[in-house]
Amino acid sequence: MKTTARRVAAWVLGVQVDAVNMDGALTHLSTVLQRGGKGYVCVAGVHGVMEAQRDRRLLEVYADSEMTIPDGMPLVWVGRLQGHDAMRRVTGPDLMLEMMGRDEFAGFTHFLYGGRAGVAEELRERLSERFPRVRIVGTYTPPFGDLSELEEHRFIEEIRKLKPDMIWVGISCPRQEMFMARYLPLLETRLMFGVGAAFDYHTGRIRDCAAWIKLAGLQWLHRLWQDPRRLWRRYLRNNPAFLWHIAGQFLGVRRRVHPLKVQRTDAQPHIEVGS
């Protein structure tokens, strides 16, 4: 659900990734909020781009986002090869902290959706301690599966009552992207952010790595070392395939698909909500 025209973006296997740095992303989001806009922000890495190759509904979700920011260094490298020299990595955890702490966002309210039992509440406490001015008006820990009809009704009613300006969604890719696209039109909020593991990063459940590891594009390896049983299949499946397909894109072997021309269906995306 875009509220503004598509900005300058890099093409990554049919996904338009905004060619921004942190300051550029914050400036755009501040403008959206000040103008009363409504949209959702996707945080894209190799995993999300490859999932979009397998599920055209996700390609549609990325196309309709207010922003799709470059969470992974490989996406930044692709953007720079396309001439976007100022493009920098903008991660979900970093974006969350910036928007919680910056003066231009001080008057807006936040809602935390995601995490396992107790995580959202702990995150609320930690963020409130770190940023005394921040206004987090509520939290919700979703079930692992779909929201039932009753749970959906209660959640929508809670958001209607609280009217948070921003909802931070931490339920992993691609579930969070599908969730935001499905629920944003039903919720009284302005911006939704799919920030994946940010809840676990900011509560210490996942340890961060050194800046040089991130710049080298090796944060995935640091994540794999911490949680090999859950992540090894993802990286083994996605990383080699991404390199193969992106090489095809640059060599002209792979036809560039415009995401706004993806054939749409009337059916709503299947949503699985959980951590």
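User: What share of the contacts in the protein chain between residues at least 6 apart in sequence join residues at least 24 apart?

Analyst: In this predicted model, 76% of the contacts in the protein chain between residues at least 6 apart in sequence join residues at least 24 apart. The chain has 275 residues, of which 52% are buried, and its secondary structure comes to twelve helices and eight strands.

User: What makes the aromatic pair of Y140 and F155 tilted?

Analyst: The structure holds nine aromatic pairs, and one of them is formed by Y140 and F155, with 5.3 Å centre to centre and 50° between the planes. Rings pair if their centres lie within 6.5 Å, and planes under 30 degrees apart count as stacked while those over 60 count as edge-to-face; the values of 5.3 Å and 50° therefore give a pair that is tilted. Y140 lies in strand 6 (residues 135-140) and F155 in helix 7 (residues 149-162), so the pair ties together parts that are 15 residues apart in sequence.

User: Why are Y140 and F155 called buried?

Analyst: The relative accessible area is 15% for Y140 and 0% for F155, and because buried means under 20%, Y140 counts as buried, as does F155.

User: How do you know that F155 and F179 form a pair, and which parts does the pair tie together?

Analyst: The rings of F155 and F179 are 6.1 Å apart, centre to centre, which is within 6.5 Å and therefore makes them a pair. With 45° between the planes, this pair is tilted as well. F155 belongs to helix 7 and F179 to helix 8 (residues 175-183), so parts that are 24 residues apart in sequence are tied together. F179 is buried, at a relative accessible area of 0%. Ring pairs link F155 and F179 with F111, Y113, Y140 and Y183 into a cluster.

User: What makes helix 8 mostly covered, and what do its buried residues pack against?

Analyst: Seven of the nine residues of helix 8 are buried, namely R175, Q176, E177, M178, F179, M180 and Y183. These buried residues pack against strand 3 (39-44), helix 3, strand 5 (109-114), helix 7, strand 7 (166-170) and strand 8 (191-194). Y183 also takes part in a contact with a charge, as the charged end of R182 sits over the ring of Y183, 5.1 Å from the centre of that ring.

User: Why are helix 2 and helix 3 called oblique to each other?

Analyst: Helix 2 (residues 46-54) and helix 3 (residues 56-63) pack at an angle of about 125°, with their axes 5 Å apart. Angles from 65 to 115 degrees count as roughly perpendicular and those over 145 as roughly antiparallel, so an angle of about 125° falls under neither heading, and helix 2 and helix 3 are therefore oblique to each other.

User: Which residues meet where helix 2 packs with helix 3, and how many of them are charged?

Analyst: G48, V49, E51, A52 and R54 in helix 2 meet R56, L58, L59 and Y62 in helix 3, and by class this contact has five nonpolar, one polar and three charged residues. Helix 2 is mostly covered, with seven of its nine residues buried; the buried residues are V46, H47, G48, V49, M50, E51 and A52.

User: What makes the backbone at K163, S172 and the bond from C173 to P174 worth listing?

Analyst: Most residues other than glycine have a negative phi, and most peptide bonds are trans. K163 has a positive phi of about 50° although it is not a glycine, and S172 likewise has a positive phi, of about 75°. The peptide bond from C173 to P174 is cis, with omega near 5°. K163 lies in the loop between helix 7 and strand 7, whereas S172 is found in the loop between strand 7 and helix 8, and P174 is also located in the loop between strand 7 and helix 8.

User: Are K163, S172 and P132 buried, partly exposed or exposed, and what values place them there?

Analyst: Buried means under 20% relative accessible area and exposed over 50%, with partly exposed in between. At 44%, K163 is therefore partly exposed; at 19%, S172 counts as buried; and at 71%, P132 is exposed. P132 has its place in the loop between helix 6 (119-130) and strand 6, and P132 and M100, which are 32 residues apart in sequence, are 9.7 Å apart in space, C-alpha to C-alpha.

Terms used:
Residues are numbered from 1 along each chain as its sequence is written. This is a predicted model: local features need pLDDT of at least 70, side-chain atom pairs count only at pLDDT 80 or more; totals for chains, interfaces and linings use all residues. Side-chain values use heavy atoms; hydrogens and water are left out. Rings of Phe, Tyr and Trp (its six-membered ring) pair if their centres lie within 6.5 Å; planes under 30 degrees apart count as stacked, over 60 as edge-to-face and the rest as tilted. Helices (H or I, at least four residues) and strands (E, at least two) are DSSP runs, numbered from the N terminus. Buried means under 20% relative accessible area, exposed over 50%, partly exposed in between (1.4 Å probe, protein chains only). A charge sits over a ring if NZ of Lys or CZ of Arg is within 6 Å of the ring centre and within 35 degrees of the ring normal. Axes are lines fitted to C-alpha atoms, for helices over the stretch in contact, and angles run from 0 to 180 degrees between N-to-C directions. Angles under 35 degrees count as roughly parallel, over 145 as roughly antiparallel, 65 to 115 as roughly perpendicular and the rest as oblique. Contact means heavy atoms within 4.5 Å. Ala, Val, Leu, Ile, Met, Phe, Trp, Tyr, Cys and Pro count as nonpolar, Asp, Glu, Lys and Arg as charged, and the others, Gly among them, as polar.
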